[in-house]
Amino acid sequence: MKSQYRWGLLFFLSPVLLWLVLLIVLPQIDLLIMSFRAENDFGELVWSVSNYLIFFREPIYWLTFVRTAVYSILVTFLTFVIALPIAFYITKVVNPRFQGFLTLLLLLPFWVSELVRVYGWMILLRETGVINHFLLKLGILNQPIEMLYRDATMVLGLVYTSMLFMVVPLLSVLDSLDNSLIEAAYDLGANMWTILFKIIIPHATPGIVSGSIVVFMLTLGNYLTPNLMGGKNSLWFTEQIYNQFIASFNWNQGSAFGFLLLFLSSIVVWLGLKLSRRSLRKVVQ
Amino acid sequence: MQIDLSVQKVTKRFQDFTAVDSVSFEVQTGRFFSILGPSGCGKTTLLRMIAGLTEPTTGAIEIRGKSMAGIPPNKRPVNLIFQHLALFPMMNVGENVAFGLQRRGENKTVIREKVHAILERVDLSGFEDKKIDQLSGGQKQRVAIARCLVLEPTVLLLDEPLGALDLKLREQMKVELKKLQAKVGTTFVYITHDQSEALVMSDAVAVMNHGEFEQIDTPQNLYAQPRTPFVAQFVGDSNAWSGTVRQRTESTAEIETPEGAIFRTKLEKTLEPGTEVDLFLRPEAMLIQPDPSIASLNRFTVVVKSILFDGANSRLLANPLDADKELLVALPQNRQYDYIQVNDKVEIGWDKQSGICFPKK
């Protein structure tokens, strides 16, 4: 009986295992090996850490790296600041009949691909775009201004892209918050801010942490939005990786950068978990 | 006597539904006042209006003579104990109790002393660092009470706080709550659908139905002299009979039941002969096989259907011989009536003073 179960489990697990091993684990190992190989003076591939040393020697690389990390944290924070009132409004303020409808409205933009959504923003924001057109018409501007290819625009696009991944965990965690806790705090003399920081945020911490991890990782690894909305000035680290692989055709350098990015996201998530005193296992649940 | 809480003609309407309909009452300092009513009668809405969580549509609420109109709950001198207590799970016992004091910006050492003192008062000394989910039901109850009492509110509001407890603990907490109230002397306004909670603990009880107060009185009077049929049926058990007034003197009337039996009963207010009435009788008003020498009793014979043994609260379930109805008759547990068996015929008698009569609506 027992061995039968084991074979059954293996049978149903095999697609997942195949997927994991063939498409994720093996290529990663290959990339890891590649990142430690470099050409020596004679043009032969040998074991070396020079790919990693280049990263530290060239300021443009590690500055891009730091910039990407800082902006990702900023995007995560902004997403949280915007998502919390939305989630609170949907779960606690609005008539329960409209809750589903409002959640659907939030989901709707995510039915089209990120590419289409980013192009939508570009149509709105570019020099000949919709917003400039109206500002000129209304006489607020004399000259159209280029709103694209600025850091602020890029952050806007990234926040917009990540919104849903923060709102959904917050919705479920705020839904489980008993209204009477808020009322009790109010009754005991608390004002709005105390209720927010003493009751709502502590209760919502698991949702905030899991939402933040997802948003942070997605933002850090995003290529499309920074590239299209931030342009060449965006200096997003994923572009450096892309350049190494595709433009310079230096796969060894590219994979070293890839692993640096992986290391960065792991360390920031680990720090975040430490700071909020959560264990990864609880967040994943 | 000072009036702590005064509610004048308070009405609350939700769209086309009137939850509370022109309710007025006053509670004196140090009293234990209960509002008793079935679920959905509007008692929670009334309490929430006193706490400030809901604004009344019309009417005035005053606490110690100060109007509460437009004052938010965090500025009112009342505190509410919620049905499910609403203790903050993200804080320990000490932080829960200190929450209100911190909001007032009191000194840290003062807070620690006050928290310690109030926990001692509710017999939870040394529980400051315990987590909420480590507490038993009764302990959570006391933390919730301590969290409010530490703020020394003028009026403490309680919204069925015993509802979630099991029976044994509820009985125990009833007595404890009453003792605690006597000890601290704070005015309590307690709402419940459990008549025994209201009767045991309160100095005065208001019976509420469909958003209106039916009667405000002492527990004893509510039980002995209910003023409406609803109160007669809701407070304590009652056997109901319908009938018609046949003859009457100054204070008594003869009432004929549809089966043709004639009962004599006292009248609270004069009723003309021919009036249709409802007659209520408490189970303990009916005496089993009364002494034949007592002439003034209404007597009839019943067939015992079953014996409902429940310790001191034991009853007989019986049918009158000529009527198709069920009666509850109190069965005193002094072993005097141990001989009564199912299907026995037993004579029942009741005095005209114990009948409660209302004209039919």
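Here are four short exercises on this predicted model, each with a worked solution.

Residues count from 1 along each chain as its sequence is written, while chains are lettered from A and ligands numbered from 1 in the order in which they are written. Because the model is predicted, local features need pLDDT of at least 70 and side-chain atom pairs count only at pLDDT 80 or more, while totals for chains, interfaces and linings use all residues.

**Exercise 1. Find the domains of chain B and describe their contact.**

Step 1: Look up the bounds, which come from an automatic or database domain assignment. For chain B you get domain 1 (3-233) and domain 2 (237-359).

Step 2: Check the spacing. The C-alpha centres of these two domains of chain B lie 38 Å apart.

Step 3: Count who takes part, with contact meaning C-beta atoms, placed from the backbone, within 7 Å. Domain 1 of chain B brings 4 residues and domain 2 of chain B brings 6 residues.

**Exercise 2. Describe the largest nonpolar core.**

Step 1: Get the term straight: such a core is a set of buried Ala, Val, Leu, Ile, Met, Phe, Trp, Tyr and Cys residues joined through C-beta atoms within 7 Å. Buried takes 20 or more other C-beta atoms within 10 Å of a residue's own, exposed 12 or fewer, and partly exposed is in between; these C-beta atoms are placed from the backbone.

Step 2: The largest core has 117 residues, and Leu170(A), Ile50(B) and Leu157(B) have the most contacts inside it.

Step 3: Place this core. Domain 1 (3-233) and domain 2 (237-359) of chain B both give residues to it, so it lies between them.

Step 4: Zoom in on Ile50(B). Skipping residues up to four places away in sequence, Ile50(B) touches Leu5(B), Ile61(B), Val78(B), Leu157(B) and Val189(B).

**Exercise 3. Work out how strands S1 and S2 of chain B are joined.**

Step 1: Strands are DSSP runs (E, at least two residues), numbered from the N terminus, and two of them pair if DSSP finds at least two bridges between them.

Step 2: S1 (residues 3-14) and S2 (residues 17-28) of chain B run antiparallel, joined by 8 bridges. Across the pair, Val7(B) faces Phe25(B) in S2(B).

Step 3: Now the turn: the hairpin has 2 residues between the strands, and Gln15(B) takes a positive phi near 45°.

**Exercise 4. Is Ala240(B) buried, partly exposed or exposed?**

Step 1: Locate Ala240(B) in strand S11 (residues 239-248) of chain B.

Step 2: Ala240(B) has 15 C-beta neighbours inside 10 Å, so the verdict is partly exposed.

Step 3: Beyond four places in sequence, the contacts of Ala240(B) are Gln233(B), Asp278(B) and Phe280(B).

Terms used
Contact = placed C-beta atoms within 7 Å. Helix = DSSP H or I, 4+ residues; strand = E, 2+ residues; numbered from the N terminus.
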